[in-house]
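Work through the exercises below with the coordinates loaded. Each task is followed by its solution.

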Amino acid sequence: MPRTLDRDRIAELTARESAQLDARTGGSAAMYERARHTLSGGVASSYQLRDPWPIYLDRGVGSRVWDVDGNEMVDFHNGFGSMVQGHAHPAITAAVTERITQGTHFAAPTEDGVVVGEELARRWDLPRWRYVNSGSEATMDAIRIARGLTGRDTIVKIFGSYHGHHDYVMVSIGVPYDAIGDRDNLRSLPYGKGLPASSVEMTVPVPFNDAGAMERRIDALTAQGRTPAAVIMEAAMMNLGVVLPEPGYLEAVRQMTAERGIVLIFDEVKTGLCIAAGGATERFGVTPDMVTLAKSLGGGLPTGAIGGTEEVFSVVENGGVYQVGTYNGNPLAMAATRASLEQVLTPAAYAHLDALNDHLVAACQAVIDEHDLPGYAIGVASKGCVTFAPEKIVDYATYKKHQDGELADLAWLYNMNRGVFMTPGREEEWTLSVQHTFADADVFVSAFAEMAADLTR
């Protein structure tokens, strides 16, 4: 049995580490005072907020970043998982530099966009593709296409999964455990204000890793005359740390959606290109009707993509659904993406990521075992985390019930004060890049080991 940790000790260490981080980031404090007069909250996105101030970055090269105070850190944040290529990768830098002298935007197709589409079709075994500019646009357009194909409005999503910031999917994400409802009748709850009730009610949540519960909910909706247009889901949940699919789960979802004529969308914004050359689709061996990509796709430039079957995209090709965007397939983004696919995210790169993550997970698990901490290490390719929970997390309910948020917050502080730039937030995971080394991984392990020793001495 894992030991019971002293909550007063956790609070004491949190106060100490918070004070240390504040003392090290005076430049960020000054930048915040300047930024908050024009930027709402002093940041460009609410996910960048931190009390008492955000950490403002200056530059990044390879596996390292530097903040405005000059603090050098190994980057395990990697732009919320966007930079699996690492920072300023020579191949991507060269491609963007060459392209920028030849025009950066036309709102017209280019050869690089054609090549990227060919490569994505090969990797995902899906024949038709379109581009967007972010993950939110990708999931929004994918849902619209599914609705256009089926003529239905209702969609099903996994409770607790984040699929972007549009109205279709800002539903049943971060809510109190006691508000989620019965497992077979989970509640549709808005994620913040400004969401029309009609949009919220049109999105129906189900638990992850429970094909039976999904099937019962879908059949109940069908009995009400609300057969869903689509199920949108991550094949592995990536915003509760890392929650992998249980054996047989994805296969069961694939079968039930196919039998009912429901479009299955794998949201691979966080998994695609990060956990295999063909993302979760390749890694877990289940092919959906559609996939959505973004984040790591553009090697640091904002772009996204939607892939699908001939049938799904027939409603786009015949003009029934308008999939549009002035910056879709932007030549600068396509040049970066092509270089990434052809020169960076190679079989050797994925072998390196697998070996590196295996090393990191094993080393963190050894620390957990040595100190009898309540938790476990888990990961796949470039993604992983230490989950601070006494029992395995399999869905949102178990996450909210068992995950120790105070420990997760303390671990972030230990990382930041010991040269590890980590994603803020109790629900986030690390992302490695192809430019990370085993020595970089050991910096993370060292910070974790120091925290474990301080907690249990």
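**Exercise 1: one side of a helix**

In helix H2 (residues 26-35), Ser-28, Ala-29 and Ala-35 are buried; buried means under 20% relative accessible area with a 1.4 Å probe, protein chains only. Helices are DSSP runs of H or I, at least four residues, numbered from the N terminus. The model is predicted: local features need pLDDT of at least 70, side-chain atom pairs count only at pLDDT 80 or more, and totals for chains, interfaces and linings use all residues. Residues are numbered from 1 along each chain as its sequence is written, and side-chain values use heavy atoms, leaving out hydrogens and water.

Task: explain why Ser-28, Ala-29 and Ala-35 of H2 are on the same side.

Solution. Step 1: take the directions from the helix axis to the C-beta atoms, which define the arc. Step 2: in H2, Ser-28, Ala-29 and Ala-35 are buried. They cover an arc of only 130 degrees around the axis, so they lie on the same side of H2.

**Exercise 2: the nonpolar core**

Task: find which helix gives the most to the largest nonpolar core.

Solution. Step 1: join buried Ala, Val, Leu, Ile, Met, Phe, Trp, Tyr and Cys residues through side-chain atoms within 4.5 Å. Step 2: the largest core has 114 residues, with Leu-120, Met-233 and Trp-430 making the most contacts inside it. Step 3: helix H13 (residues 347-371) gives the most, ten residues. A second, separate core has 19 residues, including Val-132 and Phe-313.

**Exercise 3: neighbours of Leu-120**

Task: list which residues Leu-120 is in contact with, leaving aside neighbours within four places in sequence.

Solution. With contact as heavy atoms within 4.5 Å, the partners of Leu-120 are Asp-125, Trp-129, Tyr-131, Leu-293, Leu-297, Ala-305 and Leu-341.

Terms used:
Buried < 20%, exposed > 50% of the residue type's maximum accessible area, 1.4 Å probe, protein only. Helix = DSSP H or I, 4+ residues; strand = E, 2+ residues; numbered from the N terminus.
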